[in-house]
Amino acid sequence: MNKAAKVSVSLDAELVVEVMVLAGIGSPQDAVEAVVRDYIARGHRTEARVQTQDEPRRDPDVAQPPPQG
């Protein structure tokens, strides 16, 4: 059984209700948790895209010209 630490946070009720409506989740706790998890997942996807863009582009189908010298 995985025991995760829990944190209690006070939020503006209107903010939480809007999150619940947008997420389509009836529980305030579950709605806010879903938003936080989605935010973290987006961050990981962005990191992966940036890392991929930083790698040199290689096109194996294109023949490289021989070095001149």
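Let me begin with Val 17, which lies in helix H1, and I should say at once that what we are looking at is a predicted model. Val 17 is partly exposed, with a relative accessible area of 46%, and its C-alpha atom is separated by 9.7 Å from that of Val 32, a residue 15 positions away along the chain.

Staying with helix H1, which runs over residues 13-23, we find that Val 16, Val 19 and Met 20 are buried. These three cover an arc of only 100 degrees around the axis, and therefore they sit on the same side of H1. On the face turned away from that buried side, the helix carries the exposed residues Glu 14, Val 21 and Leu 22, so let us note, for this last group, that exposed here means over 50% relative accessible area.

Now to the two ends of this helix. At its start, a side-chain oxygen of Asp 12 comes to within 3.1 Å of the backbone nitrogen of Glu 14, while just after H1 the backbone at Gly 24 takes a positive phi of about 70 degrees.

Which helix gives the most to the lining of the largest pocket? That is helix H2, residues 28-54, which contributes 7 residues. The pocket has a volume of about 480 Å³, and of the 15 residues that line it, Val 7, Val 9, Gln 29, Val 32 and Glu 33 lie nearest its centre. Sorted by class, the lining consists of 10 nonpolar, 2 polar and 3 charged residues. Val 32, then, is the residue I paired with Val 17 at the outset, and here it appears again among those nearest the centre of the pocket.

Glu 33 also takes us to the salt bridges, of which a search of the whole structure finds 2. In one of them, Arg 37 is paired with Glu 33, and the closest N and O atoms are 3.0 Å apart; both residues lie in helix H2, 4 residues apart, or about one turn of the helix. The two partners fall into separate accessibility classes, since Arg 37, at 56% relative accessibility, counts as exposed, whereas Glu 33, at 31%, counts as partly exposed.

The side chains of Arg 42 and Asp 38 also meet in a salt bridge, at 3.1 Å from N to O. Because Arg 42 and Asp 38 are 4 residues apart in helix H2, they are separated by about one helical turn, and Asp 38, at 35% relative accessibility, counts as partly exposed.

Technical notes:
Residues are numbered from 1 along each chain as its sequence is written. This is a predicted model: local features need pLDDT of at least 70, side-chain atom pairs count only at pLDDT 80 or more; totals for chains, interfaces and linings use all residues. Side-chain values use heavy atoms; hydrogens and water are left out. Buried means under 20% relative accessible area, exposed over 50%, partly exposed in between (1.4 Å probe, protein chains only). The arc is that of the directions from the helix axis to the C-beta atoms. A polar contact is a pair of N or O atoms within 3.5 Å; within protein, one must be able to donate a hydrogen and the other to accept it, and residues adjacent in sequence count only if both atoms are side-chain atoms. On a 1 Å grid over the protein atoms alone, a cavity is a set of points where a 1.4 Å probe fits but cannot get out, and a pocket is an open set with protein on both sides within 12 Å along at least five of seven lines; lining residues have an atom within 4 Å of a point. Grid points are joined across faces, edges and corners, and a volume is the space filled by probe spheres set on the points. Ala, Val, Leu, Ile, Met, Phe, Trp, Tyr, Cys and Pro count as nonpolar, Asp, Glu, Lys and Arg as charged, and the others, Gly among them, as polar. A salt bridge is a side-chain nitrogen of Lys or Arg within 4 Å of a carboxyl oxygen of Asp or Glu.
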